[in-house]
Amino acid sequence: MSDQSTSTPPQRRTFLMVLPLLAFIAVALLFWFRLGSGDISRIPSALIGRPAPQTALPPLEGLQADNAPVPGLDPAAFKGKVSLVNVWASWCVPCHDEAPLLTELAKDKRFELVGINYKDGADNARRFLGRYGNPFSRVGVDANGRASIEWGVYGVPETFVVGREGTIVYKLVGPITADNYRTVLLPQMEKALKAAGS
């Protein structure tokens, strides 16, 4: 004979078993809607207004332009000009999408276009630039990803506007597109150019 007062009714037991599942679904929906409602390109950077990282990066081995080696990243080169620093890799699908636009951007001589090649093989990186054309005046190799961490990179591609005084003035997360170039990046570059001229 069992004591009925110590056992849980079947309906309550079912509810207690389903409760963790309901809580998980509620939290998952909350994250889904919060993540889906934001624009990842507007993720704030703690480096805005601060000097660009002072990490020198070696050049991409074997990369040439006008029969001369393309130099690596030298932080001192940011002084005195507005620079657009693009973090990219040959294995990054969005980087392939933005590559033709970067080639067009390189024609604007008001600023310098600098590349940071992120965790890539030298052969693959050279092949990538051979396929689309090399828009960069400098390409620094970040083989282990440490320099990109100093830049506050979440993932590739990311692009930074660096002012004439060597300060990061804007960060774009994700690929450059015709739309965000026109509406966001170009106005930020124009602002940096005007500030540099005053």
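In which sense do strand 4 and strand 5 pair, and over how many bridges? Select both to find out: the pairing is parallel, and five bridges hold the count. Bear in mind as you click around that this is a predicted model. For a single example, pick V114 and look across to strand 5, where its bridge partner is R138.

**The whole sheet**

Now widen the selection to the five strands of this open sheet. Reading across, the order is 5-4-3-6-7, and the pairing is mixed. Strand 5 and strand 7 are the edges; each has a single partner strand, so one side of each has no neighbour in the sheet. Going from one strand to the next, the twist averages 20 degrees.

**Helix 2 and the disulfide**

Next, show helix 2 (93-105). You'll see it lying across strand 3 and strand 4, and its direction makes an angle of about 160 degrees with strand 3. Then select C92 and C95, which form a disulfide with the sulfur atoms 2.4 Å apart. Don't go hunting for others: a search of the whole structure turns up one disulfide. Check the torsion about the S-S bond, too; for C92 and C95 it is about 85 degrees, so this disulfide is right-handed. Are these cysteines buried or exposed? C92 has 3% relative accessibility and counts as buried, and C95 counts as buried as well, at 1%.

**Helix 3, one side at a time**

Move on to helix 3 (122-132). Colour A125, F128 and L129, which are buried. Those residues span an arc of only 90 degrees around the axis, which places them on the same side of helix 3. What do the buried residues pack against? Strand 3, helix 2 and strand 4. Flip to the other side of helix 3 and you get R127, G130 and R131, which are exposed. Just after the helix comes G133, with a positive phi near 95 degrees.

**Into the core**

Finish with the largest nonpolar core, which has 48 residues. To find its best-connected members, select F78, L84, V85, W88, W151, V161 and L185; these touch the most other members. Elements giving two or more residues to the core include strand 6 (158-162) and strand 7 (168-173), while helix 5 gives the most, with six residues.

Last stop: zoom in on L185. Setting aside neighbours within four places in sequence, L185 is in contact with L84, T159, V161, Y170, L172, I176 and N180.

Methods:
Residues numbered from 1 in each chain as written. Predicted model: local features only at pLDDT ≥ 70, side-chain atom pairs only at ≥ 80, totals over all residues. Heavy atoms only, no water. Core = buried A, V, L, I, M, F, W, Y, C linked by side-chain atoms within 4.5 Å. Buried < 20%, exposed > 50% of the residue type's maximum accessible area, 1.4 Å probe, protein only. Helix = DSSP H or I, 4+ residues; strand = E, 2+ residues; numbered from the N terminus. Contact = heavy atoms within 4.5 Å. Disulfide = S-S within 2.5 Å. Arc of directions from axis to C-beta. Pairing = 2+ DSSP bridges. Axes fitted to C-alpha atoms, helices over the stretch in contact; angles between N-to-C directions.
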